[in-house]
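Work through the exercises below with the structure open. Each task is followed by a solution in steps.

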Amino acid sequence: MGVPRRMVRRIDVTGRGGVRLAAWEFTDPPKEQPEVGRRSGAPSGQRPGSGVLLLHGLMGRASHWATTARWLSGSYRAVCLDQRGHGRSDKPSEGPFDRESFVADAEAAIEQLGLGPVALIGHSMGALTAWQLAAKRPDLVRSLVICDMRASPLGEQSQREWEQWFEHWPLPFATLADVRRWFGEEDPTLERPNPSRGDFYAEVMAERSDGWRPVFSRRQMLLARETWVYDAHWEELAQVRCPALVVRGVDGELGRAEAQEMVRVLPRGSYAEVSDAGHLVHYDQPDGWRVAVEPFLRRTMAAGDEEGVIPC
C-alpha cells in the first residue's frame, strides 16, 4: 500500500512528576506558518475526537510508528509519544518507571494536546499502558488497539532471561550495519533471521565516541519491565468499555489461545492476526498490519461521530 508523505513536528508534553515527554505529530505541510510554541488543540480542519495516540513498546520509540502514523494522518490527528526513558523524552535516573507513571504520561499527552476522545494504539508494553488508561479514563478513549501484548504474567524466569540477554549485547557496535546484522541474524535468541528486527534496533541506537549504543538505559528498561512482568492484567482488561481490537503476529509472543481469551474478557473485543509476522507486527508486515487495523478504526471512529457520543 502506498503511504502518503507527511511532515512531522515535535510537541513537548509534561508528564507525571514534571518529566518532559516528546510527542511527534504527523501532518500535511501547513498552508501558513503555525503558531510557535503551540502545545494543545487540534490543528485547523481536524474535528475534535479524531485523534490517535500511538504508544511504542519497551525499548521502542515514537519513530517506530512512522509508517503507521503517515497513513493514519490522512484521516485522523496522529501523534506518537516517546515514553519516559525512551527516544527523546526525559530519562530520569531513578524513574519512577512504574505502571502508574506510564499511564499518567499518556493521559497527560491526550489532555494537553486536546486529542480526546482518542483511539489508542499500543504495541507490547505500550498496549498494556493503553488498556490500563482505557480502564482508568473511559472518557478519554474512543477505541483501543492491542498489539501483541499478553495479559498473563511472564514471571521471574522471563525477567532473568532479559537480564542475561542485555549482558550479551556486544556493545559498542562499530557501525549501524553491525547493529542490523546482530539483532537481525546473529542474536542467539533468534530462531531464524529477521531483517526487520535489525532495522527496529538500528532505530534505537545513537553514535557515541566509541561506537553505536542504545539511546535508552538497559537498567531502566529492566526497572520498567519488572513493574508488570510478574502480574496478570485480566482485571483491567475486563474494565475496558470501548471497542478493542487484539492483534497478534502469527509468530509473535501472544499465542492464539490467550489472544482469543483476551477478546472474550474484553466487553467489546474483536480479534485479528497477521501472517508472517512476529512480535514486531507493524515492522514485520506493515501492509498486513494496516489491513487488520484500518477497518476497525474507520468503524469505531465513525460510530462515535454518528452517535454523537463516545462508543463506550
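**Exercise 1: backbone at two loop residues**

M59 is buried, at 2% relative accessible area (buried is under 20%, exposed over 50%, partly exposed in between; 1.4 Å probe, protein chains only). This is a predicted model, in which local features need pLDDT of at least 70, side-chain atom pairs count only at pLDDT 80 or more, and totals for chains, interfaces and linings use all residues. Residues are numbered from 1 along each chain as its sequence is written, and side-chain values use heavy atoms, with hydrogens and water left out.

Task: locate M59 and D148 and give the phi of each.

Solution. Step 1: M59 sits in the loop between β3 (51-55) and α1 (66-72); helices (H or I, at least four residues) and strands (E, at least two) are DSSP runs numbered from the N terminus. Step 2: its phi is near 75°, positive although M59 is not glycine. Step 3: D148, in the loop between β6 (141-147) and α4 (156-167), has a positive phi of about 50° and is not a glycine. Step 4: D148 is buried, with a relative accessible area of 2%.

**Exercise 2: aromatic pairs**

Task: classify the pair F173 and W182.

Solution. Step 1: rings of Phe, Tyr and Trp (its six-membered ring) pair if their centres lie within 6.5 Å; planes under 30 degrees apart are stacked, over 60 edge-to-face, the rest tilted. Step 2: the search of the whole structure gives 16 aromatic pairs. Step 3: the centres of F173 and W182 are 6.4 Å apart and the planes at 55°, so this pair is tilted. Step 4: F173 and W182 are both buried.
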